[in-house]
Amino acid sequence: MSQALTTDTPGAPARRRGRPWALPAAVAAVLILLGISLSIGAFDILGDEFGSEMFWITRVPRTLALVLAGAAIATSGLVMQVLTQNRFVDATTSGTTEWAALGLLLTALLLPGIGLVGKMVISSVFAFVGAMVFMGILRRVVIRTTLVVPLIGIMLGAVMSALTTFLAAQFNLLQMLGTWFLGSFGEIVRGRYEVLWVVAVVTLLVFLMADRITVAGLGKDLATGVGVRYEAILVAGTALVAVAAGVTTVVVGFLPLLGLVVPNIVSMIRGDDVRSNLPWVVLGGTALVTLCDIIGRTVNMPFEVPVSLVLGAVGSVVFVALLLRQAKAGAL
Amino acid sequence: MVPVAVTLAAATALAVAILVYANPAPPGTGAFWIIVQARLVSLGTILLVAVAQSVATVLFHTITANRILTPSILGFDALYVLSQTALVFLFGVSSTGMEGIPKIVAQSALMIVFATLLYGWLFSGRRANLHLMLLVGVVLGIAFASTASFLQRILTPSEFDVLSARLFGSISKADPAYLPIAGLIVAGILVYVWSRRRSYDVLALGRDVSVGLGLRYRREVVVSLVLVAVLVSVSATMVGPMTFYGFLVATLAYQFAPGDRHADVLPLAIGIGLVTLLAATFVLRHLFSAAGLVTVIIEFVGGTLFLIVLLRKGLR
């Protein structure tokens, strides 16, 4: 399964050097998408007298939230893939988000008065436990082919969400659960999105730790051999993933398969260099989540379709395509 | 045949218990029988779902030569929900000119064709890689489910009303109008499968052996896939998707059946399916008064069992 990481496309570095305009062009494309996101909505921001006020209350926070959440979830997906040495792992296919939802439900049951920050902390702690449980199971299983690993994660997630649903139904919180399982940027307004800056810090830390995470991904022996504290990096990387999953679950809800699809497409085009791929993963995550949000907002105006449904449909089709493509190439 | 007898005895006891336990009216009065009748609808639903899911899963295991993949885990149920949603989305509530049962039959037929094509394609030529098919099926299930919910969000409220009345059944509030026709379909398939149980024993030996022994392999597989799709759509209409129930039932049946022949496995699978659903219904409805959660509990137990099997044995 470690082959997943070492199949760098031959010739990719040369191609990269030959296209200095690629990154600026991608940035421009993402900015255009963000501009579209700022301009659409039920409220006429140019004609109405409260237009500019509405613009700052809803549109700007929403678009910023798209950037922050999209970038963080996509990069944390990349981190998980490197650390587990498996292309097909992210917060969705490891059950991590379901643990975050369980944590959130338990806070609603046991500590109803706790504030947004408290919820985020507890939800992140649960996501961390979930990711650690997943990694612990992976260490113990006999068969760890590239494909069994995400399967175990998805099943773990299904079991956790059945447990969460049961608890929620027992205490009449099913409706609340629905809003966490369905990620949506519809309720993001000024005063609610600000906590998402926490995940910007996560993205930044991933950038700073990129090299160490890459080395840790090569395995314990190799990492220790070149002087990287393997266990520490593993825990730190998992903690970053957990914070991103926990915070976005509280503020936005699930963003399924975002962390899987984006890094995979980026390394399909550019090869597997984690460090130089990171900006592309950030841009790709932002672009995909913004695009899906725009689709969700426009398809049934003035009503909204939660972004997670669009992402789930688009993401899983892309996931299947990736699987079949790799199978055809004989990589699985 | 001892295990089968045990499960059937247990199922009968549980069925009687569900009918009469905590009946508020005094026994023998008119009110008593009205309540019993209402509960009979639940029993009928359980019976049909148990038979449909267990037979579908065992058949599917036979034709795909493995014991991990089940139609529900591969997204058959989700595909059913998606096809129903898509039809309402595309054609509206009543523009097809058909109403009631003929319409459902027509829609189910469409889904069955689609499922047979899709899964037939998935299983042709890629037999070698079970892991790949399993993961592709699971992810396709997610895709179907997301697309279905996406379309449901766009439906007008009245269309959604019609759709949800059709889709989101549960054991506690199944529609008695579907029982007779669903019962007929399931019974017919059961008789057919039972009459061909020896062919299925051969089919389980794989393609080469089957062809060598004079079985029309391809035809058998396609017919079985169609039957599986029909059974799953019946079950999904009655109680909605249940991902791990078939897996739970079939796995237990293989464990306790005296032999590997379908004559041994099928009756036991049905028996275990009945006991599982009846016990879950009885406990949740009468002891926890949470009848709507039967499928959730079965998901939890079945999913855990699936994980354990996956982790301990891997995939064979």
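**Close-up 1. A:Gln85, a buried loop residue with a positive phi.** At a relative accessible area of 17%, A:Gln85 counts as buried. In this predicted model, A:Gln85 sits in the loop that runs between α4 and α5 of chain A. Its phi comes out near 55 degrees, which is a positive value in a residue other than glycine. For context, most residues other than glycine have a negative phi.

**Close-up 2. A:Leu257, another non-glycine residue with a positive phi.** Here phi is about 65 degrees. A:Leu257 belongs to the loop between α11 and α12 of chain A, with α12 covering 258–270. Is A:Leu257 buried or exposed? With a relative accessible area of 2%, A:Leu257 is buried.

**Close-up 3. The salt bridge between A:Arg62 and A:Asp293.** The two side chains meet at 2.8 Å, N to O. This pair links distant parts of the chain, 231 residues apart: A:Arg62 is in helix α4 (residues 51–83) of chain A, and A:Asp293 is in helix α13 (residues 274–298) of chain A. Both ends are tucked away from the surface by the numbers: A:Arg62 is buried at a relative accessible area of 7%, and A:Asp293 is buried at 2% relative accessibility. Zoom out a little and A:Arg297 joins in, since A:Arg62, A:Asp293 and A:Arg297 are linked in a network of salt bridges.

**Close-up 4. A:Arg275 and A:Asp211 in a salt bridge.** The closest N and O atoms of this pair are 2.4 Å apart. A:Arg275 lies in helix α13 of chain A and A:Asp211 in helix α9 (residues 197–216) of chain A, so the bridge ties together parts that are 64 residues apart in sequence. A:Asp211 is partly exposed, with 39% relative accessibility.

**Close-up 5. A:Lys220 and A:Glu231, a salt bridge between helices α10 and α11 of chain A.** The N to O distance is 3.4 Å for these two side chains. A:Lys220 is in helix α10 (residues 220–225) of chain A, A:Glu231 is in helix α11 (residues 230–251) of chain A, and 11 residues separate the two. What is the relative accessible area of A:Lys220? A:Lys220 has 43% and is partly exposed; A:Glu231 is partly exposed too, with 37%. Over all chains, the salt bridges come to six.

**Close-up 6. A nonpolar patch of valines on chain A.** Five residues make this surface patch: A:Val117, A:Val121, A:Val125, A:Val129 and A:Val133. The patch covers about 370 Å². One of these valines, A:Val133, is placed in helix α6 (residues 116–140) of chain A. A:Val133 has a relative accessible area of 30% and counts as partly exposed.

**Close-up 7. A:Leu288 in helix α13 of chain A.** A:Leu288 is buried, its relative accessible area being 17%. Look along to A:Asn277: from A:Leu288 the separation is 11 residues in sequence, and 16 Å in space from C-alpha to C-alpha.

**Close-up 8. Helices α5 and α11 of chain A, crossing at an oblique angle.** The axes of α5(A) (residues 96–110) and α11(A) come within 9 Å. They cross at roughly 55 degrees. Angles of 35 to 65 degrees fall outside the parallel and perpendicular ranges, so α5(A) and α11(A) are oblique to each other. The crossing of this pair is right-handed.

**Close-up 9. Helices α7 and α10 of chain B, packed roughly antiparallel.** How far apart are the axes of α7 (residues 179–195) and α10 (residues 217–239) of chain B? They are 11 Å apart, and the helices pack at an angle of about 150 degrees. Angles over 145 degrees count as roughly antiparallel, so that label applies to α7(B) and α10(B). This crossing is left-handed.

**Close-up 10. The two chains as backdrop.** Chain A has 14 helices and zero strands, and 54% of its 332 residues count as buried. Chain B has 13 helices and zero strands, with 56% of its 316 residues counting as buried.

Notes: Residues are numbered from 1 along each chain as its sequence is written. Chains are lettered from A and ligands numbered from 1 in the order in which they are written. This is a predicted model: local features need pLDDT of at least 70, side-chain atom pairs count only at pLDDT 80 or more; totals for chains, interfaces and linings use all residues. Side-chain values use heavy atoms; hydrogens and water are left out. Patches are made of residues with over 30% relative accessible area and no salt bridge: like charges are joined within 9 Å, nonpolar side chains (Val, Leu, Ile, Met, Phe, Trp, Tyr) within 5 Å. Accessible areas come from the Shrake-Rupley method with a 1.4 Å probe; for residues, only the protein chains shown count as cover. A salt bridge is a side-chain nitrogen of Lys or Arg within 4 Å of a carboxyl oxygen of Asp or Glu. Helices (H or I, at least four residues) and strands (E, at least two) are DSSP runs, numbered from the N terminus. Buried means under 20% relative accessible area, exposed over 50%, partly exposed in between (1.4 Å probe, protein chains only). Axes are lines fitted to C-alpha atoms, for helices over the stretch in contact, and angles run from 0 to 180 degrees between N-to-C directions. Angles under 35 degrees count as roughly parallel, over 145 as roughly antiparallel, 65 to 115 as roughly perpendicular and the rest as oblique. A crossing is left-handed if the near helix is turned anticlockwise from the far one by less than a right angle, and right-handed if clockwise.
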